[in-house]
Amino acid sequence: MSALSRRNLLTWTAALGGSAAVLSTTEALAAPTVPQQVGPAANPAITVGPTDVRFAGLTRGQNQRFVSNPESVCLPSTTEQVVAAVGDAARRGKRIGVRSGGHCYENFVDNPDVRVLIDMTQMNAIAHDTKMNAIMVEAGAELGDVYDTLYKRWGICLPGGSCYTVGVGGHVTGSGYGPLSRRHGYISDHVHAVEVVVVDAGGNARAIVATREANDPNRELWWAHTGGGGGAFGVVTRFWFRAPDATGTDPTKLLPAPPREAWIHRREWAWDQMTPERFARLLRNYGTWMERNSAPDSPYTGLFSRLELTTRAYGPFHLVVQIDAGLPNAARLLDDFLNAVGEGVGVTPTVTDHRKLPWLHATGWPGMWMSNPTDRYKYKSSYHRKGFTDAQIAALYDQLTNTDYAQLPFVVSIASFGGKVNTVAPDATANPHRDSVMKLLWGTAWQGPADDDRHVGWHQRFYQAVYRDTGGVPVPNDVTDGCFINYCDIDISDPAWNASGVPWHDLYFKGNYRRLQQAKKAYDPRDVFKHAQSIRLP
């Protein structure tokens with residue numbers, strides 16, 4: 001396979017790891033529904049200092065651009081240990097960083113100011129909690145383990161991302177999405193409750209369980225964790241998942257059932273056959289199709305696609321598709337979609353993969369995966385309410401075919417979106433992006449620090465050129481709708497790259513930001529949990 005995929009951008013090297021700890025369906029965890037003061041941990045958490053052989057490996061995540069140098073790394077295995085670690089750091093005035101899966105795109109976790117790094121990876125249990133009547137997942141669990149366990153134990157799923165090594169803690173709090181989101185919504189739409197270790201005005205750490213129940217006095221803390229991003233309010237220790245429309249107590253009915261099988265398809269187009277006119281036709285076709293087929297009642301909510309645009313220097317660019325094979329006339333629906341995207345382009349694509357697989361195996365298809373903890377990288381994002389403008393298409397073509405920059409691992413990944421996501425009111429959760437039809441990830445990867453300025457600078461100029469008409473960023477308007485907090489991008493805080501007059505927090509959170517600030521004031525009044533784009537105190 002010669003074309004660049006998300007797998008090739010950040011080469012997939014981490015297969016599904018060891019199984020997460022799974023409790024019996026009849027073994028319920030203690031699940032308080034009111035604020036709980038947790039006492040000192042009976043057994044202290046594992047603590048790693050600078051002289052420990054593990055220190056270097058624990059002070060960086062997936063992005064090798066950023067390395068932290070804390071006084072210690074704490075690896076808790078219980079909520080009580082998290083409370084103890086947070087309380088101690090808060091009393092000593094030490095800056096806290098929190099890592100779940102290590103996929104943060106900026107230096108929000110691996111920051112020079114962080115003195116105590118809390119690594120949640122030892123908290124990875126998955127269980128049916130009979131008291132809460134929900135599926136409990138600890139914040140350190142990886143998506144791959146979650147999907148595997150939900151599928152094998154109960155025959156259910158969550159509509160999360162396609163990179164298996166992403167940790168649940170950051171993914172859920174930022175409203176992760178994936179191949180099932182057009183049918184089932186964001187993963188955060190299925191959060192019934194969340195446990196968070198917070199620090200009060202007196203500097204005391206405690207664990208609070210907040211639910212989505214209307215009469216829960218801590219409901220705003222739950223709300224803040226349905227799209228407000230990680231690292232802003234406290235340390236999430238566990239989530240409880242239950243679909244909003246779930247009834248009864250049967251764990252096999254608490255979350256959606258996955259498709260039985262899925263068609264997967266990959267095709268590519270050669271750059272040397274792409275004129276500006278042909279390229280424009282292809283992008284207009286793709287955007288128009290998304291506008292017409294992203295309604296919640298569309299027969300295509302079971303289809304997920306990514307049009308992956310690469311630089312001409314690399315070779316062909318491609319389209320990957322996954323569709324529920326159990327849909328009526330699924331094969332015909334897939335063919336009609338592919339024909340609509342290619343109509344009038346005048347270039348015959350090369351099909352490199354076309355198969356029907358069981359859903360569990362289709363989720364592991366490398367066409368949708370990425371993960372490489374040895375690279376340096378830069379990412380950006382954008383939501384689109386409509387397809388691309390003529391100016392945006394022209395800028396994409398000019399930049400991608402520019403031979404002055406022959407960076408191979410670069411991609412603009414244009415994902416299908418909408419469907420069930422868009423049935424939720426913008427203020428019902430902290431994530432306000434509820435009427436888009438496409439979601440874009442802009443990424444590049446490289447190895448050596450000497451190349452940082454060249455690659456980051458080109459990436460910044462490319463993105464700015466595409467959104468030049470709106471100040472260099474995708475402002476909320478009739479075509480675009482801001483940015484995705486899980487694809488965090490520090491540049492949108494910089495007037496040199498964001499001349500729109502729309503601040504970074506409104507690109508991420510739009511009208512929900514002020515409410516998030518009130519939640520911040522209520523649950524983190526001392527601003528203990530912070531980073532360059534965390535929620536600010538009002």
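## Spaces and a helix pair

Let's start with the largest pocket, which has a volume of about 320 Å³. Its lining is made of 20 residues, and those closest to the pocket's centre are Asp-189, His-190, Ala-243, Pro-244 and Lys-420. Keep in mind that you're looking at a predicted model.

How do we find empty space in a protein anyway? Rolling a probe the size of a water molecule over the atoms shows where space is left. Besides pockets, there are cavities to look for: this structure holds 7 of them at 30 Å³ or more. Take the second largest cavity, with its volume of about 120 Å³. It has 14 lining residues, and Tyr-147, Gly-160, Gly-161, Pro-179 and Thr-363 are the ones that lie nearest its centre.

What kinds of residues line these two spaces, and which ones sit between the helices α8 and α9? Here's the breakdown:

| Place | Nonpolar | Polar | Charged |
|---|---|---|---|
| Lining of the largest pocket | 8 residues | 6 residues | 6 residues |
| Lining of the second largest cavity | 8 residues | 6 residues | no residues |
| Contact of α8 with α9 | 7 residues | 2 residues | no residues |

Now for that helix pair. Helix α8 covers residues 276-292 and helix α9 covers residues 330-342; they pack at an angle of about 135°, and their axes are 7 Å apart. An angle between 115 and 145 degrees counts as oblique, so α8 and α9 are oblique to each other. On the α8 side, Leu-282, Asn-285, Tyr-286, Trp-289 and Met-290 make the contact, while α9 brings Phe-337, Ala-340, Val-341 and Gly-342.

Definitions and conventions:
Residues are numbered from 1 along each chain as its sequence is written. This is a predicted model: local features need pLDDT of at least 70, side-chain atom pairs count only at pLDDT 80 or more; totals for chains, interfaces and linings use all residues. Side-chain values use heavy atoms; hydrogens and water are left out. Axes are lines fitted to C-alpha atoms, for helices over the stretch in contact, and angles run from 0 to 180 degrees between N-to-C directions. Helices (H or I, at least four residues) and strands (E, at least two) are DSSP runs, numbered from the N terminus. Angles under 35 degrees count as roughly parallel, over 145 as roughly antiparallel, 65 to 115 as roughly perpendicular and the rest as oblique. Contact means heavy atoms within 4.5 Å. Ala, Val, Leu, Ile, Met, Phe, Trp, Tyr, Cys and Pro count as nonpolar, Asp, Glu, Lys and Arg as charged, and the others, Gly among them, as polar. On a 1 Å grid over the protein atoms alone, a cavity is a set of points where a 1.4 Å probe fits but cannot get out, and a pocket is an open set with protein on both sides within 12 Å along at least five of seven lines; lining residues have an atom within 4 Å of a point. Grid points are joined across faces, edges and corners, and a volume is the space filled by probe spheres set on the points.
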